[in-house]
Amino acid sequence: PTLSGADYVHDVAYDHYGTRLALCTSSLRVSVFSVPGPGEVGGNPVWTEIARMDRAHAGPIWRVSWGHPEHGEPLATCSEDRNVHVWYCGRGAGVATGGVE
């Protein structure tokens, strides 16, 4: 995936199946990318952004981690603001459905 703007990526995590990638940045953003299948260029997969949470925290986000599918595949993030948020991105859903502090 390519990020626009000058942004530092602090952490990257693949989901349990290796088909989604979550990343967190110093600009308070969490992005989720998905690879539906082989891409056009040299048989490499083409990653598309399927969810974005801008201003997901009040400070730089340091870590991101996927939960096991038996728990609904939650995505947890922690930040310099001293909070942990849990996001639920259902498989096939285009947007994260919420966060819990």
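Q: What is pLDDT, and what is its mean over the chain?
A: pLDDT is the predictor's confidence in each residue, from 0 to 100. This model is predicted, so such a score comes with each residue. In this chain, 73% of the residues reach 70 or more. The mean pLDDT of the chain is 80.

Q: Which strand has the highest confidence, and which the lowest?
A: Mean confidence reaches 93 in β5, the highest in the chain. At the other end of the scale, the mean is 45. That lowest value belongs to strand β8, residues 99-100.

Q: Over which residues does pLDDT stay under 50?
A: The model has 22 contacts beyond four places in sequence for this stretch. Even so, pLDDT stays under 50 there. The stretch is residues 92-101.

Q: How many helices and how many strands does the chain have?
A: Read the elements from the N terminus on: β-β-β-β-β-β-β-β. The count is 0 helices and 8 strands.

Q: What is the order of the strands in the open sheet?
A: Strands of a sheet pair through backbone hydrogen bonds, either parallel or antiparallel. In this open sheet of 4 strands, the pairing is antiparallel. The twist averages 20° from one strand to the next. The order is β1-β2-β3-β4.

Q: Which strands are the edge strands of this sheet?
A: An edge strand here pairs on one side only. The sheet runs in the order β1-β2-β3-β4. Its edge strands are β1 and β4.

Q: Over how many bridges do β3 and β4 pair?
A: β3 pairs with β2 in the antiparallel sense over 5 bridges. β3 also pairs with β4 in the antiparallel sense. Ser31 and Arg52 in β4 are bridge partners. The pairing of β3 and β4 has 5 bridges.

Q: Which residue in β3 is the bridge partner of Ala22?
A: β2 and β3 pair in the antiparallel sense. Arg20 stands opposite Ser34 in β3. Ala22 has its own bridge partner in β3, and that is Val32.

Q: How many residues of β3 are buried?
A: Look at both faces of β3. Val30, Val32 and Ser34 lie on one side and are buried. Ser31 and Phe33 lie on the other, and they are buried as well. The count is 5 of its 5 residues.

Q: Which residues touch the most other members of the largest nonpolar core?
A: This core has 14 residues. The elements that give two or more residues to the core are β2, β3, β4 and β5. Those that touch the most other members are Val30, Val32, Met53 and Leu75.

Q: Which element gives the most to this core?
A: Several elements give two or more residues, among them β2 and β3. The one that gives the most contributes 3 residues. That element is β5.

Q: Which residues does Val30 contact, leaving aside its neighbours within four places in sequence?
A: Val30 is buried in β3. Leaving aside those neighbours, Val30 is in contact with Leu23, Cys24, Ala51, Arg52, Met53, Ala56, Ile61, Leu75 and Thr77.

Q: Is Arg20 buried or exposed?
A: Arg20 is found in strand β2. Its side chain makes a polar contact with the side chain of Glu73, at 2.9 Å. The relative accessible area of Arg20 is 3%, and buried means under 20%. Therefore Arg20 is buried.

Q: What is the phi of Leu28 near?
A: Most residues other than glycine have a negative phi. Leu28 is not glycine, and its phi is positive. Leu28 is in the hairpin of β2 and β3, which has 4 residues between the strands. The phi of Leu28 is near 70°.

Q: Is Arg55 buried or exposed?
A: Arg55 is in the loop between β4 and β5. Its phi is near 55°, a positive value in a residue other than glycine. Its relative accessibility is 63%, and the cut-off for exposed is over 50%. So Arg55 counts as exposed.

Q: How far apart in space are Tyr17 and His68, C-alpha to C-alpha?
A: Tyr17 is in the loop between β1 and β2. In sequence, Tyr17 and His68 are 51 residues apart. In space, C-alpha to C-alpha, they are 9.8 Å apart.

Definitions and conventions:
Residues numbered from 1 in each chain as written. Heavy atoms only, no water. Core = buried A, V, L, I, M, F, W, Y, C linked by side-chain atoms within 4.5 Å. Buried < 20%, exposed > 50% of the residue type's maximum accessible area, 1.4 Å probe, protein only. Contact = heavy atoms within 4.5 Å. Pairing = 2+ DSSP bridges. Axes fitted to C-alpha atoms, helices over the stretch in contact; angles between N-to-C directions. Polar contact = N/O pair within 3.5 Å; in protein donor to acceptor, adjacent residues only side chain to side chain.
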